[in-house]
Amino acid sequence: MNAQSLLHALEAVVGPAGIVCNPEQMASYFSDWRNAYRGAAALVVRPATTEQVAAVVQICHAHRVALVPQGGNTGLCGGSIPDDSGTQIVLSLTRMTRIREIDTANETITVEAGVLLQHLQEAAAAVDRLFPLSLGAQGSCTVGGNLATNAGGTAVLRYGNMRDLALGLEVVLPDGRIWNGLRGLRKDNTGYDLKHLFIGSEGSLGIITAAVLKLYPAVRSITTAWVALSDARSAVELIGSIRALCGDRLTGFELMSRQSVDFVLRHVGRCSDPFAEVHPWYVLIELSDTQPDAPLNDLLEAGLGAALERGWVHDAVLAGNEAQVAALWAMREGISEAQNHEGPSLKHDISVPVSRIPAFIERTDKALLERFPGVRIVAYGHVGDGNLHYNVSKPPGSDDDAFKAQQAAISEIIYAATAAFDGSISAEHGIGQAKRDAARRYKDPLELELMRALKRTLDPEGLMNPGKVF
């Protein structure tokens, strides 16, 4: 089948509104939001139903045409970008935006893959429930992409990541068959839990078209604190102490280096330093409760007071109102944006056991600064689940291209340290294109062998998002 015949066959399935073939209109599908990855494709197809997705996949499977599933295209590893051959087809799920069912008795919501995360949160709030996944890109990322990359975010230590929030999936398999696993069951011991094959698979085993997700009681009390520390070890001691005192009320515990905060204060206009003195490290702590008048301030003040006596905490401030809460979170959420203003940066999304975070930071900082004097290390992340965004910005005034040329050597130091501390080179961003080679070096060979066996079994023609993950 030639290109024109393929176009007509696909258009017969999805209609004219489901085909994008104008070069200018297609351009946004061919690069990520940072413009770090660019590709090309024969066309973009935008099905509106699961049945249309299945028909598109069947046509492409029959004619050995590779598909690149894409949601909001907010990923950081190039996982939803086609290669540069111009022969692949981007399959965008952004027209699949129905919320199919909300079952408050079962505490579940069933949504299609193209639903924006923010719209999912709003739908839950409308029935006095909470969907707890929260990301900086929630206004543009989609549920399908969140599932395909097993997204995490700031509340993982309380609610888990997308793998923990999903009860059932609907998936179009590489041959076009539809697996209907949309079961809102918390207990089902009838064999392999197949949904976990597709969550985190980055579209390489099939296309997630809908999901049954967990809901939680709405939050009615929140307290937030900004805390100054002398080192990362104090943060690990502090989170253990606060968790013992507050239990599941602890929903956020974000660690930030002073370098991270300096960038935010320099480039994010709405932010100001809560303290008069400069401190090496900070944490943002959030407690929440379903009760409207829960004594969260008293709990957190007691916990911080005890930590102050132990020497873990140097200073702390509790937000007094919603505006102050938003201002403190803006300090944390502004780090990535602020770092972009400082020139090229190399971003690493790693995880190590919580207890080993301080040793990892100490060892990796030392190794980088010895090898590359003057680089600025921007370390921050979700310390409660061991996830650090360990980013490196170029030395002030240095040449951009010279710094970029050091990317492989810098990443090698960081990934070698991650492996030495029994960590993962990708905590929540996935593998995509960016970490394929590193995954070969740092994942266990038997794990890779098993993953390849699954890929061959489900997608023997290699047509689902080729060149990603492997």
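1. Is the crossing of α9 and α11 right-handed or left-handed? In this predicted model, the crossing of these two helices is right-handed. Helix α9, which covers residues 232-246, packs with helix α11, residues 296-310, at an angle of about 145°, and their axes lie 10 Å apart.

2. The residues that make this contact can be listed from either side. From α9 come Leu-238, Ser-241, Ile-242, Leu-245 and Cys-246, and these meet Leu-299, Leu-300, Gly-303, Leu-304, Ala-307 and Arg-310 of α11. Sorted by class, the contact of α9 with α11 has eight nonpolar residues, two polar residues and one charged residue.

3. A second helix pair concerns helix α14 (residues 357-371) and helix α16 (residues 407-420), whose axes come within 10 Å and cross at roughly 155°. Angles over 145 degrees count as roughly antiparallel, and α14 and α16 are therefore roughly antiparallel to each other. The crossing of α14 and α16 is right-handed.

4. On the α14 side, the contact is made by Phe-360, Arg-363, Thr-364, Ala-367, Leu-368 and Arg-371, while α16 supplies Ala-409, Ile-410, Ile-413, Ile-414, Ala-417, Thr-418 and Ala-420. By class, the contact of α14 with α16 has nine nonpolar, two polar and two charged residues.

5. Helix α16 deserves a point of its own. With 14 residues, α16 reaches 20 Å from its first C-alpha to its last, which is close to the 20 Å expected at 1.5 Å a residue. Buried residues in α16 are Ile-410, Ser-411, Ile-413, Ile-414, Tyr-415, Ala-417 and Thr-418. The elements against which the buried residues of α16 pack are the strands β16 (345-346), β17 (349-351) and β19 (387-393), together with the helices α14, α15 (400-404) and α17 (436-442). After α16 comes Asp-422, whose phi is positive, near 60°.

6. Positive phi values also appear at two loop residues that could be inspected in turn, namely Arg-64 and Glu-107. Arg-64 is not a glycine, yet its phi is positive at about 55°, and this residue lies in the loop between α3 (50-62) and β3 (67-70). The relative accessible area of Arg-64 is 46%, and the residue is partly exposed.

7. Glu-107, likewise not a glycine, has a positive phi of about 55° and is found in the loop that runs between β5 (99-103) and β6 (108-112). Its relative accessible area is 22%; since buried means under 20%, Glu-107 is classed as partly exposed.

Conventions
Residues numbered from 1 in each chain as written. Predicted model: local features only at pLDDT ≥ 70, side-chain atom pairs only at ≥ 80, totals over all residues. Heavy atoms only, no water. Axes fitted to C-alpha atoms, helices over the stretch in contact; angles between N-to-C directions. Helix = DSSP H or I, 4+ residues; strand = E, 2+ residues; numbered from the N terminus. Left-handed = near helix turned anticlockwise from the far one by under 90°. Contact = heavy atoms within 4.5 Å. Nonpolar A, V, L, I, M, F, W, Y, C, P; charged D, E, K, R; others polar. Parallel < 35°, antiparallel > 145°, perpendicular 65-115°, else oblique. Expected span 1.5 Å × (residues − 1). Buried < 20%, exposed > 50% of the residue type's maximum accessible area, 1.4 Å probe, protein only.
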